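Welcome! Here are three short exercises to work through with the model open beside you.

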Amino acid sequence: EYFGLLNTALENLSFMSGGAYLKAVSIVRSISLCQSCVLMLDHQLYDSIRQMFHLFFNVIRSSHHPAIFSNMVNIMAGIVRANDDNDEFSVKLAKILLARLKKEDQNVTPASFQLAEGTFKNCSSALKEHLPKAAKSLGIPIEDYAEVVASLLQGATQGEKNMVCFSKKEKKIKLE
């Protein structure tokens, strides 16, 4: 219930003024500092986490204070890094970020793109193994993603190819 109310309060970030907005800014700052959002993973509140990610991308504006961007990045990246038990959910989180990191989004929704890019850079090592599967399920060519994604995605794909080659060599050696 608490995290449902939290997401409802965070919707007020889109208003950019008033008491409800200031309260939402304070909530984002507090969550970022104490990383209480990781409790959502402990309680397997995956729908609430996805809702929060989508909410952040929908309410962020270029006119928001840089501290709000930073706090949102800390929250989202903290969740991605802390989610080491559930590969399926990691793929879902990667898909949420990848969907916002298409080259065309740089001009269409620049604040949302910037938020996704900052989060991606902050937790790319935790996402690396899940990127190929997430990108494949979205069906978007590598060249349509922002450079930061394309380079990591190519590296992950190349790493998979190297592992396959290494496995084949290893089997060959064992057979001899």
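**Exercise 1.** At what angle do helix α5 and helix α8 pack, and which residues make the contact?

Step 1. In this predicted model, helix α5 (residues 66-82) and helix α8 (residues 110-127) pack at about 35°, and their axes are 9 Å apart. The crossing of α5 and α8 is right-handed.

Step 2. Look for the contact residues: α5 brings Phe69, Met72, Val73, Asn74, Met76, Ala77, Val80 and Arg81, while α8 brings Ala111, Gln114, Leu115, Gly118, Thr119, Asn122, Cys123, Ala126 and Leu127.

Step 3. Sort them by kind: the contact of α5 with α8 has 11 nonpolar residues, 5 polar and 1 charged.

**Exercise 2.** Check the span of helix α4 (residues 46-59), then find which of its residues are buried.

Step 1. Helix α4 has 14 residues, so at 1.5 Å a residue the expected span is 20 Å. The end C-alpha atoms of α4 are 20 Å apart, in agreement with this.

Step 2. The buried residues of α4 are Ser48, Ile49, Met52, Phe53, Leu55, Phe56, Phe57 and Val59.

Step 3. Now see what surrounds them: the buried residues of α4 pack against α1 (2-10), α2 (19-34), α3 (38-42), α5, α6 (87-99) and α8.

**Exercise 3.** Why is there no bond between the sulfurs of cysteine 34 and cysteine 37?

Step 1. The sulfur of cysteine 34 has its closest cysteine sulfur in cysteine 37, 7.8 Å away.

Step 2. A disulfide needs the two sulfur atoms within 2.5 Å, so 7.8 Å is too far for a bond.

Step 3. Count for the whole structure: 0 disulfides.

Step 4. Compare the surroundings: cysteine 34 is exposed, at 52% relative accessible area, whereas cysteine 37 is buried, at 1%.

Definitions and conventions
Residues are numbered from 1 along each chain as its sequence is written. This is a predicted model: local features need pLDDT of at least 70, side-chain atom pairs count only at pLDDT 80 or more; totals for chains, interfaces and linings use all residues. Side-chain values use heavy atoms; hydrogens and water are left out. Axes are lines fitted to C-alpha atoms, for helices over the stretch in contact, and angles run from 0 to 180 degrees between N-to-C directions. Helices (H or I, at least four residues) and strands (E, at least two) are DSSP runs, numbered from the N terminus. A crossing is left-handed if the near helix is turned anticlockwise from the far one by less than a right angle, and right-handed if clockwise. Contact means heavy atoms within 4.5 Å. Ala, Val, Leu, Ile, Met, Phe, Trp, Tyr, Cys and Pro count as nonpolar, Asp, Glu, Lys and Arg as charged, and the others, Gly among them, as polar. The expected span of a helix is 1.5 Å times one less than its number of residues. Buried means under 20% relative accessible area, exposed over 50%, partly exposed in between (1.4 Å probe, protein chains only).
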